[in-house]
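Here is a short set of exercises to work through with the sequence and the model side by side. Try each task yourself before you read its solution.

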Amino acid sequence: GKRIVSSIAVNWARCQAETIENQLKMGVRYLDMRITYVESTFYLCHTLTGELLAPALASIREFVDEHPKEIVIIDMNHLYNMGPEECILLMGLIDSTLGEALLECQANLPTLNEMWELNKRVLIPYRLRQFDYRAFPQVWQPKFIYSPW
């Protein structure tokens, strides 16, 4: 009984069978990253806590460093167990891992050529209330990038 329920819950909560690294290698460029903060650590999640966020971000950074014409969008549209303080910690982790590759929010979305010239090829749209956009220009406000999720 308990093993069957656990197996069903794990399979139901898993969105992707592949790691972030493998998804990028397979051509995925839009990542819907739902993040939770548990016991001072950030994790990817979808109902259940999944893989650690830090290695996933490192995989993205490694990928964009190795593929200078690729653009990756990280949509952070669900954050769990986070208030303003945890958002600051999250942005610190994101900035320390992806910093130089992050395209900061601007008045207009740049062209691909402009992004390549700047070598800024990771965009992070975000639209949750617990986040202060003014404090983190690395995050694109919802008015710039539409996401139905």
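The exercises below go from the overall fold to strands, loops and a helix pair.

The model is predicted, so local features need pLDDT of at least 70 and side-chain atom pairs count only at pLDDT 80 or more, while totals for chains, interfaces and linings use all residues. Residues are numbered from 1 along each chain as its sequence is written, and side-chain values use heavy atoms, with hydrogens and water left out.

**Exercise 1. Describe the overall make-up of the chain.**

Step 1: Take the secondary structure from DSSP runs, where helices are H or I of at least four residues and strands are E of at least two, numbered from the N terminus. The chain then has five helices and six strands.

Step 2: Put these elements in sequence order, and the pattern reads α-α-β-β-β-α-β-α-α-β-β.

Step 3: Turn to burial, where buried means under 20% relative accessible area, exposed over 50% and partly exposed in between (1.4 Å probe, protein chains only). Of the 149 residues in the chain, 36% are buried.

Step 4: Look at contacts, meaning heavy atoms within 4.5 Å. Among those between residues at least 6 apart in sequence, 63% join residues at least 24 apart.

**Exercise 2. Find the strands that pair with β1 and β4, and give the sense of each pairing.**

Step 1: Count two strands as paired if DSSP finds at least two bridges between them.

Step 2: Start with strand β1 (residues 30–38), which runs parallel to strand β4 (residues 72–80) and is joined to it by six bridges. One point to check is T36, whose bridge partner in β4 is Y80.

Step 3: Continue from β4 to strand β5 (residues 122–125), a parallel pairing over two bridges. Here V72 stands opposite V122.

Step 4: Go back to β1, which also runs antiparallel to β2, with four bridges between them. V38 has T41 of β2 as its bridge partner.

**Exercise 3. Locate E39 and N81, and decide whether each is buried or exposed.**

Step 1: E39 lies in the loop between β1 and β2 (41–46). This hairpin has two residues between the strands.

Step 2: E39 is not a glycine, yet its phi is positive, about 50 degrees. Its relative accessible area is 76%, so E39 is exposed.

Step 3: N81 sits in the loop between β4 and α4. N81 also has a positive phi without being a glycine, about 60 degrees. With a relative accessible area of 55%, N81 is exposed.

**Exercise 4. Analyse how α3 packs on α4.**

Step 1: Check the length of α3. At 1.5 Å a residue, its 14 residues should span 20 Å, and the end C-alpha atoms are 20 Å apart, which agrees. The expected span is 1.5 Å times one less than the number of residues.

Step 2: Set the geometry, with axes fitted to C-alpha atoms over the stretch in contact and angles from 0 to 180 degrees between N-to-C directions. Helix α3 (residues 53–66) and helix α4 (residues 84–98) pack at about 30 degrees, with axes 9 Å apart.

Step 3: List the contact residues: α3 gives L53, A54, L57, A58, I60 and R61, and α4 gives L90, L93, I94, T97 and L98.

Step 4: Compare with burial in α3, where the buried residues are L53, A56, L57, S59, I60, R61, F63 and V64. E62 is also in helix α3, and at 44% relative accessibility E62 counts as partly exposed.
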